[in-house]
2 protein chains.
Amino acid sequence: MAEVKLMNAKGVRDFLPEEKIPRQRIVDTLKGIFEMYGFSPIETPSIERLDVLAAKFAGGEEILKEIFKFNDQGDRKLGLIYDLTVPMCKVVGMNPNLPRPFRRYQIQPVWRDGPIKLGRYREFLQCDVDIVGVKSMVADAEILSIVDRAFRGMKMDFVIRVNNRKLLNGIMDYAGFGEYKMKAILAIDKLAKIGAEGVKEELLTLGFEKKEVDNVLKILRIKGKNPEVLSQVKKFVKSDEGMEGIKELEELIGYCKKMEVKSIEIDLSLARGLEYYTGPVFEVYLKNSKINSSLAGGGRYDKMIGMYLGKGEYPATGVSFGIEPIFEALKLEKKTGESRTVSRILVIPIGDTFEKALPIVEKIRDQGIPCEIDIMGRGISKNLSYANSLGIPYVIFLGEKELKEKKVKLRDMKSGKEEMLTIEKVVEKLKQ
Amino acid sequence: MAEVKLMNAKGVRDFLPEEKIPRQRIVDTLKGIFEMYGFSPIETPSIERLDVLAAKFAGGEEILKEIFKFNDQGDRKLGLIYDLTVPMCKVVGMNPNLPRPFRRYQIQPVWRDGPIKLGRYREFLQCDVDIVGVKSMVADAEILSIVDRAFRGMKMDFVIRVNNRKLLNGIMDYAGFGEYKMKAILAIDKLAKIGAEGVKEELLTLGFEKKEVDNVLKILRIKGKNPEVLSQVKKFVKSDEGMEGIKELEELIGYCKKMEVKSIEIDLSLARGLEYYTGPVFEVYLKNSKINSSLAGGGRYDKMIGMYLGKGEYPATGVSFGIEPIFEALKLEKKTGESRTVSRILVIPIGDTFEKALPIVEKIRDQGIPCEIDIMGRGISKNLSYANSLGIPYVIFLGEKELKEKKVKLRDMKSGKEEMLTIEKVVEKLKQ
């Protein structure tokens, strides 16, 4: 009998219950919030035609190299999706009669055949929320309101850093970067990582002039409360596009105030790596945490869908939640729980009571309480160590005595306390 | 600007909200039931090493041809999973210290690069529940109890057809099929599709003798209540294995009775296509329905995990729910709903009340009621037709008059009835 070496492919993971349960909980929390805002779920295939995935304006060169590619039996060229934005653009394009605004969320795994670094995987969960068809900044504010509610819901200490691509372009115009502004923007995006001196060096290495670089750094040094930052930056940014960006930021902040989104901070260096953003951009960071990568990010991309359709602008804005860093953050703060099971009760029949215990187990389940019964006929101590190893919080002992009294003996596995209770009382206790 | 032809890969589908919402609901219902029985979720990668997927004792020749295969950048041979049983065997093998019984459920897409027939897709959701490590028939009874509860929960009119592979082998021994019994079993498995005459013809074509075929048909004609079928079949089946199969069936039915699983019918022709089953097998069918494919199926496979590990027997039993046929069945019975959104309320600001409406919207969301507000600044009639096209059940009109009275005008979109209510009353009404 040939034995197979059992191991995982590189860069992918199994999630046993102790990890899957809290991950599932995060996803369910997020789903609940998205739906409160009237966002509906969609699902698209994991497999798409390679030409759809590889469209030039989609993920950009770097991502295209990382597509898992293969052919089907009919020799059609296919690939695994690497994000959920491309499939959404496809869905919007293929369904021209979708009512606007199209408010959708989508939570699915995506794949990237890239280098494995700390915290990077080849298969990971993507979680996107987008509004398609609305130009007004109120759409972006709704997205930020969802973000705010989500992280508050997870009891995290966070800040949403916000910027605007039009304003960034305006800053670049002021600095004198002209047509090379995208290059400069990508360097500036590293400010948080490499500091002002690092950015300065990088910009000089890229061939920008010292005067231009000084111009930019002067603006990036602007700090303070949101209105102060805006009034400062207005002194320098004079181009139409830059002024438009400031106006958008002001509107966005105004709507956020009405929606009681209080966690917003303007960060003039925030750019986000992707080229397709056209207006507001934002990223979520934890305060006082070891985790310094962003937990969510997004922005407005008014041109991308239109490019897919060969049409003009097609307003859209959204956010992508990083399930991986969120889970890591909750783990660090010990908020993921320790349980290896969903079970809340293990029923242990004592003596010959197994068959009489079965209807009692069904009764507990009827009440919505996850319950299992020993089906291996093990002794008490083995059953207790099974309950302990899984973290099942309660055990019920059921012997002839208990059956006669129409009660069960409930043991709290943490305190060791035991009580004789009716099933109704057990259910009541566990529902508290 | 190059336009890309937007179309899906062959055999895969987009699910827009009107399909994703009811599919999600089915999955959530099933999850809830699995967890009531103390089954915990796990997740495994969609990508596995090809040698793990292609192990001879895994899916069998036919399935191996249908694996989507590709290499990663390091030229490692990989494939997409085609079921959830192989990954579970891998997990059990890689985690020898998992507590027993290991009760897990797993709901993920799987892929098969096969022919596209009606109702067959290349990417589809698999939903498996298994108990690993328990030899007793009580484990199989628990699986049937879950199945029973699930279909009752979906208000379907169903029957669980049950058989036993050991008994089937015993019947084959009685008929005289000797070492060719597996071939004969696969022919008999078609009884429901092609009828007794069809099976007879197929067996004769396969080269079995007329006397043998008559022997088998005599047994397959046994009908009646479960105890009658068992007492009839006992007259013929005398081999040790066959007797063991009958004993297992009797035990299983006994446990089911205690668990109040009433939907079980012995079907001596039921075999299930896969070779790896070793004991009880079952399939779920609808009564009085156009849909004649099974909605769920499973059984005991005591040898498969052991083969992966190069060890002996390793008891396991489980069920796989067919999300696709279940969804089709609910659609036929018009139980999937008509909604294209999760939204329950659309707030329409009248005049210049948009900003004042925002905190009200947030208040409704705080109460857990999915609510959206017009963010496109459209007129009343456009907003009403948007609500209609999505099937949003309620609309709130909010003008200066309403703001002054601290009320809103709630319109029931179905009846057209309008009421002036406080937000508290609206929430109360929608929570009913």
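Okay, one definition before anything else: when I call a residue exposed, I mean that 12 or fewer other C-beta atoms lie within 10 Å of its own, and when I call it buried, that 20 or more do. Please also keep in mind that what we're looking at is a predicted model.

Let's use that definition straight away, on helix 15 of chain B, residues 380–390. Which residues of this helix are buried? They're N383(B), Y386(B), A387(B) and L390(B). Those four span an arc of only 95° around the axis, so they sit on the same side of helix 15 of chain B. Turn to the face pointing away from that buried side, and you find the exposed residues S381(B), S385(B) and N388(B). As for what lies over the buried residues, the cover includes strand 12 (345–349) and strand 14 (394–398) of chain B. And just past the end of helix 15 of chain B there's G391(B), with a positive phi of about 80°.

Now let me step back to the whole chain, and I'll take chain A for this. We've got 17 helices and 16 strands in chain A. Its C-alpha atoms fill a box of roughly 90 × 55 × 45 Å along the principal axes. Chain A has 432 residues, and 46% of them count as buried. If you take the contacts in chain A with a separation of 6 or more, 68% are between residues 24 or more positions apart. The domain assignment splits chain A into domain 1 (17–332) and domain 2 (345–431), and the C-alpha centres of those two domains are 50 Å apart.

On to the sheet, which I'll describe in chain B. It's an open sheet of 8 strands, in the order 1-5-6-11-10-9-7-8, with mixed pairing. At the edges are strand 1 (40–41) and strand 8 (264–266) of chain B, each pairing on one side only. Strand 1 of chain B runs parallel to strand 5 (residues 102–111) of chain B, with 2 bridges between them, and P41(B) is opposite Y105(B) there.

Let me switch to chain A for strand 6, residues 123–132. Why do I call this strand largely enclosed by the rest of the structure? Because 7 of its 10 residues are buried. On one hand, strand 6 of chain A is joined to strand 5 (residues 102–111) of chain A by 10 bridges, antiparallel, and R103(A) has I131(A) as its bridge partner. On the other, strand 6 pairs with strand 11 (residues 316–322) of chain A, again antiparallel, over 7 bridges. There, V132(A) faces A316(A).

Back in chain B, I131(B) is a nice residue to zoom in on, and it's in strand 6 (residues 123–132) of that chain. I131(B) has 27 other C-beta atoms within 10 Å, so it's buried. Leaving out residues up to four places away in sequence, its contacts are P101(B), R103(B), A139(B), E142(B), I143(B), A316(B), T317(B) and G318(B). P101(B) is 30 residues away along the chain, yet the two C-alpha atoms are separated by 6.4 Å.

That proline deserves a second look. A cis peptide bond, omega about -10°, joins R100(B) to P101(B), and P101(B) is in the loop between helix 4 (85–94) and strand 5 of chain B. In chain A, R100(A) and P101(A) are also joined by a cis bond, with omega about -10°.

While we're on backbone geometry: most residues other than glycine have a negative phi. D75(A) isn't a glycine, but its phi is positive, about 60°. You'll find D75(A) in the loop between strand 3 (69–71) and strand 4 (77–80) of chain A, and with 6 other C-beta atoms within 10 Å it's exposed. N288(A) also has a positive phi, near 50°, and sits in the loop between strand 9 (280–286) and strand 10 (296–300) of chain A. N288(A) has 5 C-beta neighbours inside 10 Å, so it counts as exposed.

Last, how do the chains meet? 83 residues of chain A contact 83 residues of chain B. Helix 1 (residues 17–36) of chain A supplies the largest share of chain A's side, 6 residues. That side divides into 42 nonpolar, 16 polar and 25 charged residues. A turn of 180° with a shift of 0.0 Å along the axis lays chain A on chain B with an RMSD of 0.1 Å, so the copies are related as by a two-fold rotation axis. In chain A, F70(A) comes closest to that axis, with its C-alpha at 2.8 Å. And 100% of chain A's interface residues are interface residues in chain B too, so the copies meet through the same surface.

Methods. Residues numbered from 1 in each chain as written. Chains lettered and ligands numbered in written order. Predicted model: local features only at pLDDT ≥ 70, side-chain atom pairs only at ≥ 80, totals over all residues. Arc of directions from axis to C-beta. Contact = placed C-beta atoms within 7 Å. Nonpolar A, V, L, I, M, F, W, Y, C, P; charged D, E, K, R; others polar. Least-squares fit on C-alpha atoms with pLDDT ≥ 70 in both. Pairing = 2+ DSSP bridges. Domains from an automatic or database assignment.
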